[in-house]
Amino acid sequence: MALSRGLRCCQRIFSWIPVVIISSVVLWSYYAYVFELCLFTLSNNLEKVLYLLVFHVCFVMFCWTYWKAIFTPPSSPSKKFQLSYTDKERYEMEERPEMQKQILVDIAKKLPVFTRAASGAIRFCDRCQLIKPDRCHHCSVCETCVLKMDHHCPWVNNCVGFSNYKFFLLFLLYSMLYCVFIASTVFQYFLKFWVGELPNGPAKFHVLFLLFVALMFFVSLMFLFGYHCWLVAKNRSTLEAFSAPVFQNGPDRNGFNIGLHGNLQQVFGDNKKLWFVPLFTSLGDGHYFPMRSVCESQNPLLADEEKWGEECGSDEEGSDGLCDPSVTIEIES
Ligand SMILES: [Zn+2]
Ligand SMILES: [Zn+2]
């Protein structure tokens, strides 16, 4: 017991290593750019002020989004999705798997759950003892079910999901901008040092490494950011890109794809002014997501139509009337 607790404690400490590495590189880049390049090397005052100003804007946005991606806790399903004491007792007492499945189906009738396990059964988490909402997955690192889980990211030592996906995307964007700005402004000084126009000194090595590190990070971030832009455009999580969500009609990769504008709004919100600001503006509560072709009122699983009808109405704005039963969109099979 004490050993496993000790191991878990060590694991928790070690999991911060990637964050410490990134933070150290960023702190060094701050010193190298601000002191070695701008203050010790640049002679033109206008250039100095301009570089420092833009650099600090990129730096602050990078730090803000990185902080939010790391320290926004992943959101877990609400109590409604947990089995009540009596349901739990009924479920555990039942020995026939078929009947257990039926018990879950009965409970899920009261919930806005549209996706299924590959076998067609209601998705149930044994460890958290709850019915998984659509797009929710259990993270074995965080040891909890995470709403709209995307992936567990070691570089932010956090689960990327409904609560912080926007912050994660902005973190990728601002890190890229930070790298691009450094690389593009440092390049000419790198050349000047190279041809001997500027004197040899510690600044030469800082400038050389700044360019090298900024380009290296930029290239790797570009691929990751490009991939996530594609995911956002298609309204898929990383997990869903690998394994399509299963609906009553079967798996459908585009099940949550409600069109580019709607998909962007799902993550960034309906106020465009706040899209690039690291404040939480994603639509919904992470338990229910508008779908391309299924409306609650058409879904036989939802007995309590009135209760969820309200939510249907509120989602309608963001989903271009997809909840309207008169809107028919064919499902690709
Ligand atoms: Zn779980
Ligand atoms: Zn996790």
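Biologist: Why is the arrangement of the 4 donor atoms around the zinc ion (ligand 2) called tetrahedral?

Modeller: Keep in mind that this is a predicted model. Four donors count as tetrahedral if all angles lie between 85 and 135 degrees. Here the donor atoms subtend angles of 103 to 117°, so the zinc ion (ligand 2) meets that test.

Biologist: Which residues coordinate the zinc ion (ligand 2)?

Modeller: Cys139, Cys142 and Cys159 each offer an SG atom, and His152 offers ND1, at 2.0 to 2.3 Å. Along the chain, these donors are spaced as C-x2-C-x9-H-x6-C.

Biologist: Is histidine 152 buried or exposed, or partly exposed?

Modeller: Buried means under 20% relative accessible area, and exposed means over 50%. Histidine 152 has 22%, so this residue counts as partly exposed. Cysteine 159, at 0%, is buried.

Biologist: Now the helices, please. How do the axes of H3 and H6 run relative to each other?

Modeller: An angle over 145 degrees counts as roughly antiparallel. The axes of H3 (residues 45–71) and H6 (residues 165–194) cross at roughly 155° and come within 8 Å. The two helices are therefore roughly antiparallel, and the crossing is left-handed. Their contact has 19 nonpolar, 4 polar and 2 charged residues.

Biologist: Where does asparagine 157 lie, and what is its phi?

Modeller: Asparagine 157 sits in the loop between strands E5 (151–153) and E6 (158–160). Its phi is positive, about 45°, although the residue is not a glycine. Glutamine 129, in the loop between strands E1 (124–125) and E2 (130–131), also has a positive phi, near 55°. Asparagine 157 is buried at 17% relative accessible area, and glutamine 129 is buried at 18%.

Definitions and conventions: Residues are numbered from 1 along each chain as its sequence is written. Chains are lettered from A and ligands numbered from 1 in the order in which they are written. This is a predicted model: local features need pLDDT of at least 70, side-chain atom pairs count only at pLDDT 80 or more; totals for chains, interfaces and linings use all residues. Side-chain values use heavy atoms; hydrogens and water are left out. Donors are N, O and S atoms within 2.8 Å of the metal (3.2 Å for Na, K and Ca); water is not among the atoms, so sites may look incomplete. Four donors count as tetrahedral if all angles lie between 85 and 135 degrees; four count as square planar and six as octahedral if opposite donors are over 155 degrees apart and all others between 65 and 115; anything else is irregular. Buried means under 20% relative accessible area, exposed over 50%, partly exposed in between (1.4 Å probe, protein chains only). Axes are lines fitted to C-alpha atoms, for helices over the stretch in contact, and angles run from 0 to 180 degrees between N-to-C directions. Helices (H or I, at least four residues) and strands (E, at least two) are DSSP runs, numbered from the N terminus. Angles under 35 degrees count as roughly parallel, over 145 as roughly antiparallel, 65 to 115 as roughly perpendicular and the rest as oblique. A crossing is left-handed if the near helix is turned anticlockwise from the far one by less than a right angle, and right-handed if clockwise. Ala, Val, Leu, Ile, Met, Phe, Trp, Tyr, Cys and Pro count as nonpolar, Asp, Glu, Lys and Arg as charged, and the others, Gly among them, as polar.
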